[in-house]
Each structure stands twice: as structure tokens, then as C-alpha cells.
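Okay, everyone, thanks for coming. I'd like to walk you through a couple of helices, so let me put the structure up.

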Amino acid sequence: MKTITNIVVLSVMLALSLPAVSQNTESLYKAKCAACHGTDGAGNTVVGKKFGAKDFNTSELKNETDQGFVDAVKKGRAKMPGFANSLTDEQTKALVKYVRGFQHHDTGAQTQPNTAQTQTNNDGWKAVEDALARKGDLLPGDVIRINMPRTDLHVTLNGTEIKPALALGAWAAFHRIGKEAMIMGDLVLTEDEVAPVMKVLHDGGVEVTALHNHLLGEAPKVMYIHMGGHGDPVKMAETIKAAVALTKTPPPAGAAVKQPEELAFDIPAIEKIIGQTGKVSGGVLHINVPRAETLMQHGFEVPPSMGAGTSINFQPIGNGQAAIAGDLALAGEEVEAAVQALRVNGIETTALHSHMLDVQPTLFYVHFWATDDALKLAKGLRNALDKTNSVKPAMNAKNSQTPQ
Ligand code: HEC
């Protein structure tokens, strides 16, 4: 992590000496391209070397036509992913022009093509699962999510006993990028666990990107550390394990036979109102609603399965009623309308803050809590979601009690 940060800082300094260009194109380049090509176009960032990016300032690339560059950026070239879905034609052309700015007209020394081996390892995620001593769920986008629920905590809020799956589910998600991984996750902590956990994460190269509450008025009080990072997945998994070991989080329960769970409210009706299929686990219905934009971090796409979108949880409390908790992922300009929509629907906002430091576009999280008729709450949440650029209702929800 430190090396990447140093290189980024250094590259930003180099970038200051480049000819002036449109601010937009420059920030687009930094967001989508600089992770591999460097802010100086030399392609020798840690990640760039792994992917085999080349210096733009070589005669080979100077001789490539603009159309050749446009095609490469759209469709991908060697290990470079294609950007056809995430850049407009105009943006692509502007970026190609920007890239030309790295090419000087001297015939100076050329950088040797980088021949670093970048094949992805095929052993799946076993090493990460072993390092964390827990099994994970394989999710789309080459992501593994490992859950570490705080089944040891007995937290109540206004008389409702909160199930771990409602709001006490610590987790870490790993997304493979070459031999490295991007991680995101939350740890659920009692107040006295915060300081030691934070130290271990920092020492082990996992970033703490937020520390705060998600609920209001719960007892005992729980705090949430959000984690981020980019690096060796096994080392980050070991660090997270060491951090979790400092808490009272119980070891994973044995491989219980997963049974379809019945919840005392109408799951398909809730899914239909929200417009997304959910999953039932731990006695709670979980529904995720990704953002419509492609999220990017350090030039890499953050797949929706990394958990950066809206997350909604329904816990039955009897008579078709539910306790709901979760968070809406919002752009800054959407926050006020969404919070108002929650309020008029009787849903309390319990926190408003950020979770990640460097994901684009910048997202804020509005945490919510309510107990009421489950369908009424689903409609209230849908109202709030309508104020956001989240993926549109995908369905006609089918009953999908897929155990997690
Ligand atoms: C994940 C790493 C990565 C990212 C992100 C990335 N590139 Fe590349 N890029 C590469 C690699 C690897 C190559 C291929 C080097 C080679 O073999 O020529 C490449 C090649 C290129 C080339 C040369 C194509 C040619 O004609 O040979 C251009 C131009 C380029 N990238 C532009 C961009 C732009 C613009 C962006 C941002 C939208 C971007 N790249 C983002 C890794 C990346």
C-alpha cells in the first residue's frame, strides 16, 4: 500500500509539469488510466508493471495512429480492459489526445517493454479463505465475500433484539486484479475493540477508511470500521484475521446444512416493491441495489458485488412487521431528497457519512432504521431509492429464497 501511495504522490508531482489540458480529461485520466499508465504516462506504477503497461513515450507507440489508440482503449489491448462501456466516444478521443501529450519528439532512450508475468493465479480464493480461516461466497466479478457476523453481541434497540444479519454482520470482500486484490469491508466493534483493531489493520497494510455508528440508541453501543486496500490478498486477509482475533467475534459455526428460511412477512411482495431480488440468511431478508454508475477506484472498476451500493435488511418482528436497517448509497446532491423521503415515510436516518475515501463518483451513505408494517416500509424505501441514480427496478421479483 505504502509503495502505491508513494508512487501516486510522486506521479502527481510529475503530472504538474505536463502541458495544460482540460481539467476534466486530466481527472478522467487520473481516475481511469493512471493506476496502470502512471500520471506521467511511463506505465511503471506497481499495478502498471503487473499488467505490462508500456511507456507511451516510445517510438512504437508514437507511430501508432490515433484510431489505433481509440480502438485499443475501447476494446482493450493485451491485459488492458476495454472501456467501451464506461467512456463516451468523446471522452475516449480526449483521452487519446491527452496520452499524446506524454509523447515527446526526441528520440531519447526507450523503456524496455515490461515482460513481467501477469497471469492470474488459478487457485481461486482458497489462500484467502485459509488466511481468514473462514469460507466465503463467490460473487460475480471475481469477488469473494467473507462474512464474520457478531453472533456474540446481544444488541437491542427500542426493545427489538437485533439479529446479527440485520446490522451486526462484519464482512470483507476481495476483488482480484492481476495477482493483487482490491478489498472493502466493515468490522463491527464494541467501543473498547476499536483502538487495538485499528492498530493491527494499519500495521498490516489495510486502510481504515471510516469509523462511526450505523445505529442510534442501541445497547450496547456498536461502532463500525470500514476497510479498504489494494495489495496482496493473502496478506490483507491475514491482517483482517489478526484484527478480528482481537474482538470477541466467534469462530465460524460448523458447516450447517442450509435450509430455506421462512420469514413472517411477504418476501416476494417486498422484492417487487423494491424492484430487486433478495436473499434470506440468518433470519433476515437482504436486498442490494447497486448504483447505476460504474464505480472506479484507482482506475479499476469496483464490481457491484463489492458491496458499495445500497443495502437493505428486513428482520421480521411479528404480525407482518419488520425492523429495517441498512444504508442508501448516494451522490451528494441526492442526500437531502432521500433523507426527506425516508422521513415522510416514517423511516429514521441514523447516520450520514462516507465509507470509502477514493471511489468515484464520491458516495455518501444514509443509514436508516424503522419498525413498522414490512410492505409499508418497503414502499418508503422505494420512494427514497427513486431519488437516487440506482439501478432501475429489475423485475417482477420472483421468490428467490436462495440461501446464502
Ligand atoms: C489495468 C491497467 C490499465 C489501465 C487501467 C489502462 N491501461 Fe492502457 N494499457 C494497459 C496495457 C497492459 C497496455 C498494453 C501494453 C501493450 O502491450 O502495448 C495498454 C495500452 C494502452 C495504449 C496503447 C495501445 C496501443 O496502440 O498499443 C493506450 C493508448 C492506452 N493503453 C490508453 C489507456 C487509457 C486512455 C486508459 C484509461 C481510460 C488506459 N489505457 C487504462 C494497461 C492499462
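So, which residues of helix 13 are buried? Quick reminder before I answer: this is a predicted model. In helix 13, which runs over residues 335-344, the buried ones are Ala338, Ala341 and Leu342. Their arc around the axis is only 100 degrees, so they sit on the same side of helix 13.

Now flip to the face of helix 13 turned away from that buried side: there you find Glu336 and Val344, both exposed.

And what covers the buried residues of helix 13? The cover includes three strands, namely strand 14 (321-330), strand 15 (348-353) and strand 17 (364-373), plus helix 14 (374-385). If you follow the chain on from helix 13, you come to glycine 346, with a positive phi near 75 degrees.

Okay, helix 14 again, because it also packs with helix 12, residues 267-274. The angle for that pair is about 15 degrees, and the axes are 8 Å apart. With under 35 degrees counting as roughly parallel, that makes helix 12 roughly parallel to helix 14. As for handedness, helix 12 passes helix 14 in a right-handed crossing.

Who's touching whom? On the helix 12 side we have Ala269, Ile270, Ile273 and Ile274, and they meet Ala374, Leu375, Ala378, Lys379, Leu381 and Arg382 of helix 14. Sort the residues of that contact by type and you get eight nonpolar, two charged and no polar.

That's my bit, over to you.

Notes: Residues numbered from 1 in each chain as written. Predicted model: local features only at pLDDT ≥ 70, side-chain atom pairs only at ≥ 80, totals over all residues. Buried ≥ 20, exposed ≤ 12 C-beta atoms within 10 Å, placed from the backbone. Helix = DSSP H or I, 4+ residues; strand = E, 2+ residues; numbered from the N terminus. Arc of directions from axis to C-beta. Contact = placed C-beta atoms within 7 Å. Axes fitted to C-alpha atoms, helices over the stretch in contact; angles between N-to-C directions. Parallel < 35°, antiparallel > 145°, perpendicular 65-115°, else oblique. Left-handed = near helix turned anticlockwise from the far one by under 90°. Nonpolar A, V, L, I, M, F, W, Y, C, P; charged D, E, K, R; others polar.
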